[in-house]
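Please consider the model shown below, with attention to its internal space and to its metal site.

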Amino acid sequence: MQRILPRGEIENLDHTSVPRLRLPVRASVFADRAARLRQLAPGNPAEAYLQLMATLVEAQQHALKAVAVPHIPPSRISVALAHSMPPLLASGWQREPVWREILQTLLTHMRQAQGVPGQALQVCDQLQGQLDNNPQAIEQIADAVLAGQVEESGSAAVPFVMAALQVYWTSLASTLSENQLPSASPFGVCPGCGSLPVSSIVRVGGREDGCRYLCCPLCAIEWHLVRVTCSHCEETKGLFYHSVEGGPEGVKAESCDSCHGYRKIFYQEKLLGVDPVADDLASLGLDMLMGEAGFARGSGNPLLWQQHE
Ligand SMILES: [Zn+2]
Ligand SMILES: [Zn+2]
């Protein structure tokens, strides 16, 4: 008797037909995210924060266009490929000072934008002061943000610094082609920059239809991972799917009984304009539910500061 395989298993049968990567589209990556945040904000418990972040993400799209990031040295790519390592590894990367120009562009945009709360403007003013008088301090904050180690007192600045770093890394990643990225990089981290994924999305349409991609919070690369697999420990048994009762369709948390972790999985079929960062930020209720159930979140949202374990 012939058995009909569910979607996830069909993917397993033929790896070659599934695109392994989705690279960021420079013209729209942040504009799409900003639009999604604006769409999700009304009525959300975090409405004011989602609107503030939408303004910041609009500034990111502007900065991506306005500030030129230098090319990646070809030797960097060939060495990374030879060792199956991400070529834009965030830890240890010598950031060009241009990333601070990106931060400057973001701060200017925030100060000119409508409806930015006074508290957020204060944070921007503080960062502006450091940018003008003590760039070394800004570099240290960036190092701490990338390492996931920021003092509680400095946490309000994190989304703004992170936003500038995202533009810098996304700009670099958008110039890469698939054959410049390792096909067998370490499990569970972005093949572009080595970051942990923010969430995952089951895509619709074309060759990606029904395939699940993990999404990088820093360089915006997405990489394929077969469904019903823990994105943290690679276990395929003891995985469960949780959602908020009465909550939006297509928003789930994939939990793992082996490592007691979880990450969200979004189904584009039910969420047409889904974005890995925006939809994650708009579903914090599910994080609370998972926390109460004793599961630890795999990694944070770049626009919402959480101290790493
Ligand atoms: Zn990345
Ligand atoms: Zn696991």
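The report that follows takes up the cavity and then the zinc site of this predicted model.

**The cavity**

A search of the whole structure finds one cavity of 30 Å³ or more, and the volume of the largest cavity is about 50 Å³. V29, F30, R33, Q166, T170, C216, P217, L218, C219, A220 and V277 form its lining, to which α2 (29-40) and α8 (158-173) are the elements that give two or more residues. The largest share, three residues, comes from α2. Sorted by class, the lining of the largest cavity has the composition tabulated here.

| Class of lining residue | Number of residues |
|---|---|
| nonpolar | eight residues |
| polar | two residues |
| charged | one residue |

Because domain 1 (25-178) and domain 2 (182-297) both contribute residues to this lining, the largest cavity lies between them.

**The zinc site**

The zinc ion (ligand 1) has as its protein donors the SG atoms of C190, C193, C216 and C219, which lie 2.3 Å from it. The four donor atoms subtend angles of 96 to 119° around the zinc ion, which makes the arrangement tetrahedral, and the donor residues follow the spacing C-x2-C-x22-C-x2-C in sequence. Distant parts of the chain are linked by the pair C190 and C219, which are 29 residues apart: C190 is in the loop between α8 and β2 (199-202), whereas C219 is in the loop between β3 (212-215) and β4 (222-224). Both C190 and C219 are buried.

The two sites share residues, in that C216 and C219 appear in the lining of the largest cavity and also among the donors of the zinc ion.

Methods:
Residues are numbered from 1 along each chain as its sequence is written. Chains are lettered from A and ligands numbered from 1 in the order in which they are written. This is a predicted model: local features need pLDDT of at least 70, side-chain atom pairs count only at pLDDT 80 or more; totals for chains, interfaces and linings use all residues. Side-chain values use heavy atoms; hydrogens and water are left out. On a 1 Å grid over the protein atoms alone, a cavity is a set of points where a 1.4 Å probe fits but cannot get out, and a pocket is an open set with protein on both sides within 12 Å along at least five of seven lines; lining residues have an atom within 4 Å of a point. Grid points are joined across faces, edges and corners, and a volume is the space filled by probe spheres set on the points. Helices (H or I, at least four residues) and strands (E, at least two) are DSSP runs, numbered from the N terminus. Ala, Val, Leu, Ile, Met, Phe, Trp, Tyr, Cys and Pro count as nonpolar, Asp, Glu, Lys and Arg as charged, and the others, Gly among them, as polar. Domain bounds come from an automatic or database domain assignment. Donors are N, O and S atoms within 2.8 Å of the metal (3.2 Å for Na, K and Ca); water is not among the atoms, so sites may look incomplete. Four donors count as tetrahedral if all angles lie between 85 and 135 degrees; four count as square planar and six as octahedral if opposite donors are over 155 degrees apart and all others between 65 and 115; anything else is irregular. Buried means under 20% relative accessible area, exposed over 50%, partly exposed in between (1.4 Å probe, protein chains only).
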